[in-house]
Amino acid sequence: MIAHVTARRMPTLHRHEEEKFFVNAEGRKESVPSIHDPPTRELSIVVPSYNEEDRLPLMMDEALDYLEKRQKRDPSFTYEVIVVDDGSKDQTTKVAMKYCKKYGSDKVRVLSLVKNRGKGGAVRMGVFSSRGKKILMADADGATKFADIEKVEEGLKNLQPWPNQMAISCGSRAHLEKDSIAKRSYFRTLLMYGFHFLVWFLCVKEIRDTQCGFKLLTREAASRTFSTLHIERWAFDVELLYIAQRLRIPIAEVAVNWTEIEGSKLVPFWSWLQMGRDLLFIRLRYMTGAWQLETRKCN
């Protein structure tokens, strides 16, 4: 009853006036495109960033080096990187704009949010501003090797034919679990197993690692899932995959290389507690009809 009464039935998909534009390499404002427009790029990479001035350069250098080399090998391959500054208090936007000026605003775009929305909210705003046929979520810390995009692309390809042009391929660290346990405290290991059990029991049974921030979606799958998404903080990945399962969108899970990078924003106990609560509410709110699988447009 509490889950139903306290539910926001429809999250607000609203852009502040300043979020309807991005600044190009020449310093001029240009209107952001819409996920509902026809795609004009092969790939969009959405990078949610909150206070990432220190970690972002490493990720951007690796990603753009790979993307540029791939484009030289295959001139038909087109891409864009969208850095979404989620209301940072540091110089994240300034750091990202250096790449915009170096590579041009047709390849690197910076979307600065007026206030912090949470990782899920930031990814959604980037997705809704993208131009790609396929859309990749990639964390700003660069923990996943960017070249592993070819593995998740292969996972997406293997799901064909895509029903209604919808499919999702998730990078996974599940194969690294034994090594990570050896380096963690018993308390963090207990929290991890508890979270995995709740994900499996309440929401998503087929995917072992729902939290890896390396996910590739077709444009239609991104539009349908993110326009329905309610949770904007850490557990948004779980709701995203829960929605995908409810919509019968095929999902692949692909092993990727991953390295733990210092500077995580995740506070072990409190973040896990918040995510556990969100998992319970995901299940209860969809079961009771407080949340619906409805498609909405951002304005």
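Start your selection with Val127, Phe226 and Ile282: of the 45 residues in the largest nonpolar core, these three touch the most other members. Now colour the elements that feed this core; β4, α4, β6, β7 (168-172), α7 (186-203), α8, α9 and α10 each supply at least two residues. Helix α9 gives the largest share, seven residues. Keep in mind throughout that this is a predicted model.

Stay with Phe226 and show what surrounds this residue. Leaving aside neighbours within four places in sequence, Phe226 is in contact with Gly120, Val123, Arg124, Val127, Phe128, Met137, Leu217, Phe236 and Leu240. A second core, of 37 residues, lies apart from the largest one; Ile45, Leu67, Val108 and Leu156 are among its members.

**Next stop: helix α4**

Select residues 119-127, which make up helix α4. How many of the nine residues of this helix are buried? Eight of them are, so described because each falls under 20% relative accessible area. The buried ones are Gly120, Gly121, Ala122, Val123, Arg124, Met125, Gly126 and Val127. To see what covers them, add the strands β3 (41-49), β4 (79-85), β5 (108-112) and β6 (132-137), together with the helices α8 (219-226) and α9 (236-246), which are included in that cover.

**Next stop: the aromatic rings**

Searching the whole structure turns up five aromatic pairs. Select Phe77 and Tyr79 to view one of them: the ring centres are 6.2 Å apart and the planes meet at 25 degrees, so this pair is stacked. Both partners are out of the way of solvent in the model's accounting: Phe77 is buried at a relative accessible area of 5%, and Tyr79 is buried at 1%.

Move on to Tyr242 and Tyr286. Is this pair stacked or tilted? With centres 5.3 Å apart and planes at 45 degrees, the pair is tilted. Tyr242 belongs to helix α9 and Tyr286 to helix α10 (residues 268-287), so the pair ties together parts that are 44 residues apart in sequence. Tyr242 counts as buried at 9% relative accessibility, and Tyr286 counts as buried at 5%.

Then pick Tyr66, Phe146 and Phe214, which form one aromatic cluster.

**Next stop: charges over rings**

Go back to Phe77 and add Arg70. The charged end of Arg70 sits over the ring of Phe77, 4.3 Å from its centre. For another example, select Lys29 with Phe21: here the charged end of Lys29 sits over the Phe21 ring, 5.8 Å from the centre.

**Next stop: the cysteines**

What number of disulfides does the structure hold? Zero. Select Cys212 and Cys170 to look at one case: Cys212 is in no disulfide, and its nearest cysteine sulfur, that of Cys170, is 8.4 Å away. Cys212 is buried, with a relative accessible area of 1%. Add Cys203, which counts as buried at 7% relative accessibility.

**Zoom out**

Finally, show the whole protein chain, with its ten helices and nine strands. Buried residues make up 52% of its 299 residues. Among contacts between residues at least 6 apart in sequence, 82% join residues at least 24 apart. Switch on the surface to end the tour: the chain exposes about 14500 Å², and carbon and sulfur atoms supply 54% of that area.

Note on methods
Residues numbered from 1 in each chain as written. Predicted model: local features only at pLDDT ≥ 70, side-chain atom pairs only at ≥ 80, totals over all residues. Heavy atoms only, no water. Buried < 20%, exposed > 50% of the residue type's maximum accessible area, 1.4 Å probe, protein only. Helix = DSSP H or I, 4+ residues; strand = E, 2+ residues; numbered from the N terminus. Contact = heavy atoms within 4.5 Å. Phe/Tyr/Trp six-rings, centres within 6.5 Å; stacked < 30°, edge-to-face > 60°. Lys NZ or Arg CZ within 6 Å of the ring centre and 35° of its normal. Areas by Shrake-Rupley, 256 points an atom, 1.4 Å probe, with all protein chains shown as cover. Disulfide = S-S within 2.5 Å. Core = buried A, V, L, I, M, F, W, Y, C linked by side-chain atoms within 4.5 Å.
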